[in-house]
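My notebook is open, and today I am looking at how side chains pack together. Here is the structure I worked from.

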Amino acid sequence: MEMNDFVQMIQSGKINSQYFAKVGHERNRFLEGKEVDTTVVPREFIDSWQRCRAYGLAPYTLDYRDVDSAQKKELFQTMVRKYEFFLKNVFNIFDLNGYIFKLQTKEGISQFLGKSTLTFMDCSEEKGGTTSSCVCLHEDKPIIIFQPFYYRQAYIKHFFGELHGASAPIHNEQNKVIGALSLLAHKPELSVQAYHLISQIAKLHDNLYLPIMLGYENQIGQIINCLPQGVALISEKNIIKFYNEKIADLLEINGRKHPEHDLKKRLSKLGKSKGVDLEQSSYEIKDDLTNQTLKLVQLVEKSESGRPLSKIERNNDLFTFQQIKGSSPSIQKAKDTAEKIADTLVPVMIYGESGTGKEMFAQAIHSESNRAGSPFVAINCGAIPGELVESELFGYEGGSFTGALKDGKIGKIEAASGGTLFLDEIESMPLKDQIKLLRVLSAGKVQKVGSTTEISVDIRLISATKTDLLMQADEGLFREDLFYRISTFVINLPALRERKEDILLLAEEFSRRLQKKYDKSSVSMDQGFINALTAYKWRGNVRELEHAMEHAFIMLGRGATLLPEHLSVKIQEAYQSRITEEVIDETLEEENEHKFGLLALAEQKMIERVLDSVNGNISAAAERLGINRRTIHRKLQRKESSTTF
């Protein structure tokens with residue numbers, strides 16, 4: 001198992017206390033000189049354990065290694081000074097409450113940053129053993145770690161207690177690893193968030209900060225266009241050096257003849273305007289190469305209360321009913337029902353297989369309701385480990401458990417108050433949390449973990465599942481009383497194979513989007529391509545169709561017509577199998593009516609099929625069949641002559 005496999009296991013909820021016990025068992029086996037199960041312990045940690053043993057490192061000692069070399073300290077401080085702007089502003093850009101932020105150099109010298117005043121430490125693998133930062137530096141990739149994977153267990157627990165988290169490498173302008181950034185926490189459930197967060201921070205360093213220092217204008221332009229905030233970089237002489245699309249949208253200067261001039265003008269007036277719905281902040285960047293000071297300006301939208309809008313509150317990108325394509329009776333019925341109940345407060349249950357668009361419907365219901373301007377908060381119960389669902393949904397008070405954030409955490413239910421809460425894969429919610437959710441729906445109150453008081457909340461609940469919840473209730477896996485509470489209205493989303501008339505409609509919609517994405521124009525679909533789409537059973541439903549269309553666009557290259565061979569192998573094989581079955585059926589039906597051999601008749605039927613798919617174009621049919629035009633003419637004439645008797 002590699003680190004990527006391990007991360008997927010975590011995200012699928014397969015990592016729990018039983019798994020950690022297995023890791024502990026495998027570590028003991030390793031220390032006894034026995035072989036380790038590679039399906040339990042990721043390869044990266046096994047390799048590190050082996051290196052630690054080769055160093056002669058004792059796994060149970062508590063010796064602490066301070067950095068006793070003034071030269072090593074100076075090298076570390078030089079690195080910190082070089083990247084001072086980035087390291088300081090990490091705390092402004094990202095919410096790191098509850099985490100320990102650490103920088104470790106390639107040589108193993110470490111220091112905790114931010115509010116921590118801990119001294120330098122020699123955390124190299126030779127001295128400290130297996131850690132996420134050491135493995136990250138050796139592998140040059142992000143690493144997530146839990147307590148059982150440390151080689152020096154007693155050492156970690158003695159100085160830090162339970163310690164989990166993740167690390168990601170950072171690089172210099174030659175793309176060489178210079179160190180690792182780490183986010184560490186005392187609670188294992190924070191490791192997944194730490195992994196994604198530290199990966200983003202490291203990428204931001206490599207792709208945003210370094211290009212600013214080195215003046216790589218093209219690179220920085222591409223990166224800042226990906227940011228959700230409006231960003232502009234301004235020189236000492238008040239010249240706009242870079243700005244992203246978001247800030248142009250916020251200030252409504254897109255398409256202007258002189259956008260830089262208009263941007264400068266709007267920014268200068270922004271702080272003086274009354275009632276403005278944007279909040280402006282700025283940071284200074286010292287360019288050591290040119291000795292200039294650059295100003296990084298950031299714009300974010302405000303809510304009605306005047307505070308910056310959170311991601312939860314930005315509903316501009318939610319789907320609407322107009323964006324849900326389909327003319328089949330089953331999808332029209334689902335849309336009609338959803339539109340009728342959108343502006344009510346009744347709980348809604350959406351049934352459908354994976355990929356049928358359950359969250360799309362939930363977003364459309366919210367967008368059509370009188371809560372459209374309020375939060376839409378979605379949570380996939382199946383993507384969160386069972387033991388973490390409670391704190392994610394209901395939140396917790398500060399200090400309620402080891403590793404809890406000092407100020408506590410707002411749960412998804414409280415965050416959705418005034419708006420809509422969407423619970424996908426609700427069948428995965430643990431029974432104990434189902435009881436608490438029932439209380440929220442009955443009394444309109446939520447109680448955080450570690451709190452003795454309740455908070456009033458006002459949510460509209462939309463749930464989704466692909467399973468029979470009543471059958472789950474019969475098996476004791478789902479509360480029957482909760483089922484009736486959340487399913488006042490039930491919307492059934494049909495599988496794509498049950499609404500074949502919508503396949504072409506959806507394919508055309510995806511084609512329009514992909515033409516914009518890949519900068520193509522006038523891409524058409526060959527009849528054989530369409531036949532292949534409609535013949536396939538689409539186990540993954542609309543999501544699979546969307547992916548199939550993108551696969552075809554990529555394989556199309558510079559062409560202008562999508563053909564069956566642009567589809568994936570399994571779709572092509574299914575299409576060929578379907579054609580063969582139909583040809584055989586037709587051949588057997590007609591064989592007794594003509595004095596024509598069974599094999600010849602089958603050949604004839606296949607030629608007719610291909611000719612239909614290319615609108616009678618004999619040259620195109622010959623190319624697809626791998627035969628020449630004269631062969632097709634001869635076989636067609638043979639059939640005509642056989643029917644004259």
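I looked up L183 first and found that L183 touches L96, Y99, I100, F101, H164, G165, A166, A194, L197, I198 and I201, leaving out residues up to four places away in sequence; contact here means heavy atoms within 4.5 Å. I noted that this is a predicted model, where local features need pLDDT of at least 70, side-chain atom pairs count only at pLDDT 80 or more, and totals for chains, interfaces and linings use all residues. Residues are numbered from 1 along each chain as its sequence is written, and side-chain values use heavy atoms, with hydrogens and water left out.

Next I checked the largest nonpolar core (buried Ala, Val, Leu, Ile, Met, Phe, Trp, Tyr and Cys residues joined through side-chain atoms within 4.5 Å). It has 63 residues, and F6, Y19, I144, F149 and L183 touch the most other members. I found another core apart from it, with 28 residues, including L388 and V389.

Then I searched for aromatic pairs (ring centres of Phe, Tyr or Trp, its six-membered ring, within 6.5 Å; planes under 30 degrees apart are stacked, over 60 edge-to-face, the rest tilted). The whole structure gave me 10. F6 and Y19 make a tilted pair, 6.1 Å centre to centre with 35 degrees between the planes. F6 is in helix α1 (residues 3-11) and Y19 in helix α2 (residues 17-31), so this pair ties together parts 13 residues apart in sequence; helices are DSSP runs (H or I, at least four residues), numbered from the N terminus.

Is F6 buried or exposed? I read 0% relative accessibility, so F6 counts as buried (under 20% relative accessible area is buried, over 50% exposed, in between partly exposed; 1.4 Å probe, protein chains only).

Methods. Helix = DSSP H or I, 4+ residues; strand = E, 2+ residues; numbered from the N terminus.
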